[in-house]
Amino acid sequence: MKIYLLFRLLAIATLIAYLFLRNNSDTRWEYDLVLFNLVALLAALSIALSPILDDPLGRYGVIGAIISWSAGSITSSLNSFFEIKTLLNLDLIAQSLYALFYPLAIFGLTRAIRFKAVSKSLELLDTAIIAIGYTTILTALLVRPAMTTIDGSIFEVFLAILYPVGDVVILVLVLLLVFRQRMSWRNGLILIGATMFFLSDFYFLYQSYLGRYEFGSLTDVGWLISFIFLSEAFWFASNEVQAPRSFNSAVATIALLGSSTLLAIAVLQPSYIPRFLILPAFVTIALSFLRMGVAINDARNMSNEQILARTDELTGLANRRKFMVDCQEFLKNPGSLLILDLDGFKAVNDSLGHGIGDQLLKQVASRFQRVMPSDALLARLGGDEFGALIPGGDGMEVARALKATLTYPFHINSKEICLDVSIGEASNEPGSSALEQLLRRADEAMYEAKRSKLGVLSWHNQLGTSGSRL
C-alpha cells in the first residue's frame, strides 16, 4: 500500500476519533481546536497528495479554500476558548478568513469540474470573473436591506450576508456544471460536498439568527464531512467530455454587466454602494477587458494556425491538403487541373545541397505565381511537384506560360542553374469527372510529356496508365 493512500483515510479516521471523544467526554479545547481543524487540514493534504492528473490551479484553489476556512476556524476557536486580548480583532480576522473561502472554492471547484488537459487562459479568466463578479453583485443587492436588520458596521453586515451569497453561488455553479456533463464519481462527490457545505452553513446561519447556536456543537461536523467528500473527489479522474466554452463566456458577460452597473450606481449614488464593493467590481471589469484581449489574441493565433495548416512552409504556396480540398469545389465548374514536375531538380539538389535546393524551389514558386490567373490556385504537392487549378478554358495557355517562366536560368550564390518542367493537363467536365479520375489523367499526361520531352501535354484517350502515381 502506497504511503500517500494513508493520508486519504487519515481525515476520516481523525473525524471518527473526534466524534468518539466529543460524545464520551465534556467539551475540551483539545478536541474543538486541534482535532476538529485537523480533519479539515488532512482533507486538504489528501487533495494535494492525490496522484490523479488534473488541473493544478483547480486543485490549489480547493486546497486554499479549505485551509482558509480552517484558519478562520482556528482563530475563532482560540478567541472562544482563551479570550486572547490583542490589538487585532480576532473575530473580524476569523470572519475575513471564512469569507476568503468562497472565491477560492468557486474558482477551484469550477476548474476541477471543467478540467482540460491544457487549460486555456480564457477558461482561467472566465472562472475568476464569475467568482469575483457574482459574489460582488449578489452582496451589493443584499447589503442595503441587511443593514436595516443586522447590527454592526457596514463591513460586518457585508460579512454576514457574504456567507449565504457565497453558498448559493457555489451550489448553483456546481449544479449547472455537473448537470451539463455526464455524471462521474468526481462530479458526484463534488456535488455532494458542495450540498453538505450549503446545508451546514445555512443551518449555522439559521441557528445564529435564532440565537440558538452553540460553539463547538456536533452539527459543525457537517462542514468537515463536506471537505472529506471534496477531497475524495480529487482521487477520481474528471470527465473527458466538457461543457461548451460558451457557457462560461455567457455567464462571465453577465458578471461584467452587473459589475459595470454597480460602478455606475456608485458614481450616481455614492452613499448606496459601500466603498469596499467598488474594488471587486472594478477588478471584474479589468479582468473582462483582459479576457477580451486574450480572446482576440487566441482568435488571431487560431487563424494563423489554420493558414499554416494549408500553406506550404517553404514556398508560401497552398499545400497538398489545401489543393485536395479546393479540388472538390473545382469539380463543380469547367476548368483544367495541371500537374507540374520539375526536370533536373534532383541532380541540383544532390550536387549542390538541400539549402540551394530549397532556395531554388522558392524562386520557382515565385516565377510560377507571377503568371497564374487571379482566380486560379497554385500548390506545392511535395518535393519538386506542383499542382494548379485553372477555372475556365485557359488551362493549356496557363500551362505554356508556366513552362516559359523556366526558359532562363536561376542565379543562387553565384551559381547559374537551369531547370525545366513537364506539365500534364486534364480538363474537367462538371458532373462527369471524378476527382480521382481527373488527378490520374493529369498525372498520366505529365508522365507522357516528360517521356516524350514535349513539356506540356493535355490528356487524351490514347495515353496509357502505366505512369500513374496519384
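Trainee: In which helix does V169 lie?

Mentor: The model considered here is a predicted one. In this model, V169 lies in helix 6.

Trainee: Is V169 buried or exposed?

Mentor: A residue counts as buried under 20% relative accessible area. The relative accessible area of V169 is 7%, so V169 is buried.

Trainee: Which residues are in contact with V169, leaving aside its neighbours within four places in sequence?

Mentor: A related separation concerns I130, which is 39 residues from V169 along the chain; the C-alpha atoms of the two are separated by 9.4 Å. With the neighbours within four places in sequence left aside, the residues in contact with V169 are I106, Y134 and L138.

Trainee: Which helix gives the most to the largest nonpolar core?

Mentor: The largest nonpolar core has 61 residues. Those with the most contacts inside this core are W69, F101, I170, V174, I190 and F227. The element that gives the most to the core, with 10 residues, is helix 6.

Trainee: How many residues has the other core, which lies apart from the largest one?

Mentor: This other core includes A365, V398, F410 and I423. Its number of residues is 30.

Trainee: Which residues are in contact with I190, leaving aside its neighbours within four places in sequence?

Mentor: I190 is one of the residues with the most contacts inside the largest nonpolar core. Leaving aside neighbours within four places in sequence, the residues in contact with I190 are L109, A112, I113, V174, L230 and A233.

Trainee: How are helix 7 and helix 8 oriented to each other, and why?

Mentor: The axes of helix 7 (residues 185-210) and helix 8 (residues 221-233) come within 8 Å and cross at roughly 165 degrees. Angles over 145 degrees count as roughly antiparallel. The orientation of helix 7 and helix 8 is therefore roughly antiparallel.

Trainee: How do the residues of the contact of helix 7 with helix 8 divide by class?

Mentor: The crossing of these two helices, helix 7 and helix 8, is left-handed. Among the residues that make the contact are L189, I190 and F197 of helix 7 and W223, F227 and L230 of helix 8. The contact of helix 7 with helix 8 divides into 13 nonpolar, four polar and three charged residues.

Trainee: Is helix 11 roughly parallel or roughly perpendicular to helix 15?

Mentor: The axes of helix 11 (residues 320-330) and helix 15 (residues 435-452) come within 10 Å and cross at roughly 110 degrees. Angles of 65 to 115 degrees count as roughly perpendicular. Helix 11 is therefore, with respect to helix 15, roughly perpendicular.

Trainee: How many charged residues has the contact of helix 11 with helix 15?

Mentor: Helix 11 passes helix 15 in a right-handed crossing. The contact is made by F323, M324, C327, Q328 and F330 of helix 11 and by L435, L438 and L439 of helix 15. By class, this contact has seven nonpolar residues and one polar residue, and the number of charged residues is zero.

Trainee: Is helix 12 oblique or roughly antiparallel to helix 13?

Mentor: Helix 12 (residues 345-352) and helix 13 (residues 354-370) pack at an angle of about 140 degrees, with their axes 6 Å apart. Roughly antiparallel would require an angle over 145 degrees. Helix 12 is therefore, with respect to helix 13, oblique.

Note on methods
Residues numbered from 1 in each chain as written. Predicted model: local features only at pLDDT ≥ 70, side-chain atom pairs only at ≥ 80, totals over all residues. Heavy atoms only, no water. Axes fitted to C-alpha atoms, helices over the stretch in contact; angles between N-to-C directions. Helix = DSSP H or I, 4+ residues; strand = E, 2+ residues; numbered from the N terminus. Parallel < 35°, antiparallel > 145°, perpendicular 65-115°, else oblique. Left-handed = near helix turned anticlockwise from the far one by under 90°. Contact = heavy atoms within 4.5 Å. Nonpolar A, V, L, I, M, F, W, Y, C, P; charged D, E, K, R; others polar. Core = buried A, V, L, I, M, F, W, Y, C linked by side-chain atoms within 4.5 Å. Buried < 20%, exposed > 50% of the residue type's maximum accessible area, 1.4 Å probe, protein only.
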